[in-house]
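Colleague: Got a minute to go through this one with me? I'd like to hear the reasoning behind the labels.

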Amino acid sequence: MTSLRGNQKFPKADRIRSPVDFAAVYEQGLRIGDACMSLVALANEESQTRLGLAVSKRCGNAVRRNRLKRRLREAFRLSRADLPPGLDLVIQPRADTPLQLVALRQSLISLTKRAAKD
């Protein structure tokens, strides 16, 4: 088994886990979207960008939803250097979201940069 080093990890500090944090992002955050996903972004007091996922049953059965969540987490992990710091992001994929990692990364980066400008 290989160990993950440096920024390849996805620690708990990079995740939005508390219902209070999710509620704050939904209530005060900026909503933008594209054909792939909807993104809700809110500035946080920390220097790191955190990720939360909201994948509904409209996205498919449990196997497809879990695969989509894994790919979204991987897209976030790989794109962390390209994302603006200090944001809380909640991603809501569309029902027909492709499972290709490249498409998810491009969508995540472009939406996050748009959210940081506003």
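What follows is a chat about cysteines, a helix pair and a few single residues.

Modeller: One thing up front: this is a predicted model.

Colleague: Fine. How do you know that Cys 36 is in no disulfide?

Modeller: A search of the whole structure finds zero disulfides. For Cys 36, the nearest cysteine sulfur is that of Cys 59, 10 Å away. A disulfide needs the two sulfur atoms within 2.5 Å, so a pair at that distance doesn't count. Seen from the other end, Cys 59 has the sulfur of Cys 36 as its nearest, again at 10 Å.

Colleague: And what makes Cys 36 and Cys 59 buried?

Modeller: The cut-off for buried is under 20% relative accessible area. Cys 36 has 8%, so Cys 36 is buried. Cys 59 has 2%, so the label goes to Cys 59 too.

Colleague: On to the helices. Why is α2 called oblique to α3?

Modeller: Helix α2 covers residues 62–79 and helix α3 covers residues 101–117, and they pack at an angle of about 60° with their axes 9 Å apart. Roughly parallel would need an angle under 35 degrees, and roughly perpendicular runs from 65 to 115. The angle of about 60° fits neither, so α2 is oblique to α3. As for handedness, α2 passes α3 in a right-handed crossing.

Colleague: Which residues of α2 and α3 meet there?

Modeller: From α2 there are Leu 68, Arg 71, Leu 72, Glu 74, Ala 75, Phe 76, Leu 78 and Ser 79; from α3 there are Leu 101, Leu 104, Arg 105, Leu 108 and Ile 109. By class, that contact has nine nonpolar, one polar and three charged residues.

Colleague: Leu 108 is on that list. What makes Leu 108 count as buried?

Modeller: Its relative accessibility is 1% and the limit is under 20%, so Leu 108 is buried. Leaving out residues up to four places away in sequence, Leu 108 touches Met 37, Leu 39, Ala 75, Phe 76, Leu 83, Leu 89 and Ile 91. Take Leu 89: Leu 108 and Leu 89 are 19 residues apart in sequence, with 9.8 Å from C-alpha to C-alpha.

Colleague: Lys 117 is in α3 as well. Why is Lys 117 called exposed?

Modeller: Exposed means over 50%, and Lys 117 has 74% relative accessibility, so Lys 117 gets that label. Its C-alpha is 17 Å from that of Val 90, with the two positions 27 residues apart in sequence numbering.

Colleague: What about Leu 87 in β4, residues 87–93? How do you know that Leu 87 is buried?

Modeller: Leu 87 comes out at 10% relative accessibility, and under 20% is enough, so Leu 87 is buried. Not counting residues up to four places away, the contacts of Leu 87 include Leu 42, Gln 48, Arg 50, Thr 112 and Ala 116. Leu 101, on the other hand, is 22 Å from Leu 87, C-alpha to C-alpha, and 14 residues apart in sequence.

Colleague: Last one: Asp 14, in the segment before α1. What makes Asp 14 buried?

Modeller: The value is 5%, against a cut-off of under 20%, so Asp 14 is buried. With neighbours within four places in sequence left aside, Asp 14 is in contact with Gln 48, Thr 49, Arg 50, Leu 51, Phe 76 and Arg 80.

Terms used
Residues numbered from 1 in each chain as written. Predicted model: local features only at pLDDT ≥ 70, side-chain atom pairs only at ≥ 80, totals over all residues. Heavy atoms only, no water. Buried < 20%, exposed > 50% of the residue type's maximum accessible area, 1.4 Å probe, protein only. Axes fitted to C-alpha atoms, helices over the stretch in contact; angles between N-to-C directions. Helix = DSSP H or I, 4+ residues; strand = E, 2+ residues; numbered from the N terminus. Parallel < 35°, antiparallel > 145°, perpendicular 65-115°, else oblique. Left-handed = near helix turned anticlockwise from the far one by under 90°. Contact = heavy atoms within 4.5 Å. Nonpolar A, V, L, I, M, F, W, Y, C, P; charged D, E, K, R; others polar.
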